[in-house]
Amino acid sequence: MWEYEYSATAEVTPNAVWTLWADPLGWHTWNDGVGEVELHGPFAAGTEFTMTSPGEDTIRMRITEVVPDQAWIDVCEVPGMLITTHHLIEDLGAGRTKVTYRTEITGEAADQVGPEIGPQICADFPDVVTKLLALAASA
């Protein structure tokens, strides 16, 4: 297994963050790694979506869990691996919220390929979370 986690806090409500997450067609406004998203159903567990990053191939993912104002999880299945990303919101009280992005790569190829692709997948997490929180705080 390979894993990586990044967290940041800000003076913002959990719902302000959630509102941005629950609008996949708007992800590109705060995530430079997202070019186009096509959602194949509601923003709910079981829904598949495709995402195309600028200059990259389109990838297909599935939402496996949605807990409004708290978390959502997506998975991407590739041969020999399952890439799971947790998007977590923690209400710290006093108007502060913590956002965490955690990616886990599991499966038979995870130990070999995870250290190669994992850092590429997660390289923008600090920038993405910072922009997400800034936009949520300005809403």
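**Figure 1. The hairpin of β4 and β5.** In this predicted model, strands β4 and β5 form a hairpin with three residues between them, and Asp-69 in the turn has a positive phi of about 65 degrees. Strand β4 covers residues 58-67, and five bridges join this strand to β5, the two running antiparallel. One pairing that can be followed by eye is that of Glu-65, whose bridge partner in β5 is Ile-73.

**Figure 2. Asp-69 in the loop between β4 and β5.** The residue at the centre of this view, Asp-69, is not a glycine, and yet it has a positive phi of about 65 degrees. To see why this deserves a view of its own, recall that most residues other than glycine have a negative phi. Asp-69 is partly exposed, with a relative accessible area of 29%.

**Figure 3. The hairpin of β5 and β6.** Strand β5 also forms a hairpin with β6, here with two residues between the strands, and Gly-80 in the turn has a positive phi of about 80 degrees. Strand β6 spans residues 81-93, and it pairs with β5 in the antiparallel sense over eight bridges. Beside the turn, Val-78 stands opposite Met-81 in β6.

**Figure 4. Strand β5 and its cover.** Strand β5, made up of residues 71-78, takes part in the hairpin with β4 and in the hairpin with β6. How much of strand β5 is buried? The strand is mostly covered, and six of its eight residues are buried. When tracing the side chains in this view, it helps to remember that in a regular strand the side chains alternate between the two faces of the sheet.

**Figure 5. Ala-94 in the loop between β6 and β7.** Ala-94 is found after strand β6 and before strand β7, which covers residues 96-106. Like Asp-69, which has a positive phi of about 65 degrees, Ala-94 is not a glycine but has a positive phi, in this case of about 55 degrees. Is Ala-94 buried or exposed? Ala-94 is exposed, with a relative accessible area of 83%, whereas Asp-69 is partly exposed, at 29%.

**Figure 6. Helix α1 and the elements that cover it.** Helix α1 runs from residue 14 to residue 21 and is mostly covered, since six of its eight residues count as buried. Which residues of α1 are buried? They are Pro-14, Ala-16, Val-17, Trp-18, Leu-20 and Trp-21. The cover over these buried residues includes the strands β4, β5, β6 and β7 together with helix α3, which spans residues 125-138.

**Figure 7. The whole chain, as a setting for the close-up views.** The protein chain holds three helices and seven strands, which follow one another along the sequence in the pattern β-α-β-β-β-β-β-β-α-α. Its radius of gyration is 15 Å, close to the 14 Å that the globule rule gives for 139 residues, so the chain is as compact as a globular protein of that length. The C-alpha trace spans about 45 × 30 × 25 Å along its principal axes, and 40% of the 139 residues count as buried. Among contacts between residues at least 6 apart in sequence, 47% join residues at least 24 apart. The chain exposes about 7200 Å², of which carbon and sulfur atoms supply 51%. Its charges comprise 6 positive and 22 negative ones, and the mean positions of these two groups lie 5 Å apart.

Technical notes
Residues are numbered from 1 along each chain as its sequence is written. This is a predicted model: local features need pLDDT of at least 70, side-chain atom pairs count only at pLDDT 80 or more; totals for chains, interfaces and linings use all residues. Side-chain values use heavy atoms; hydrogens and water are left out. Buried means under 20% relative accessible area, exposed over 50%, partly exposed in between (1.4 Å probe, protein chains only). Helices (H or I, at least four residues) and strands (E, at least two) are DSSP runs, numbered from the N terminus. Two strands pair if DSSP finds at least two bridges between them. The radius of gyration is taken over C-alpha atoms; the globule rule is 2.2 Å times the number of residues to the power 0.38. Contact means heavy atoms within 4.5 Å. Accessible areas come from the Shrake-Rupley method with a 1.4 Å probe; for residues, only the protein chains shown count as cover. Lys and Arg count as positive and Asp and Glu as negative; His and the chain ends are not counted. The place of a charge is taken as NZ of Lys, CZ of Arg, CG of Asp or CD of Glu.
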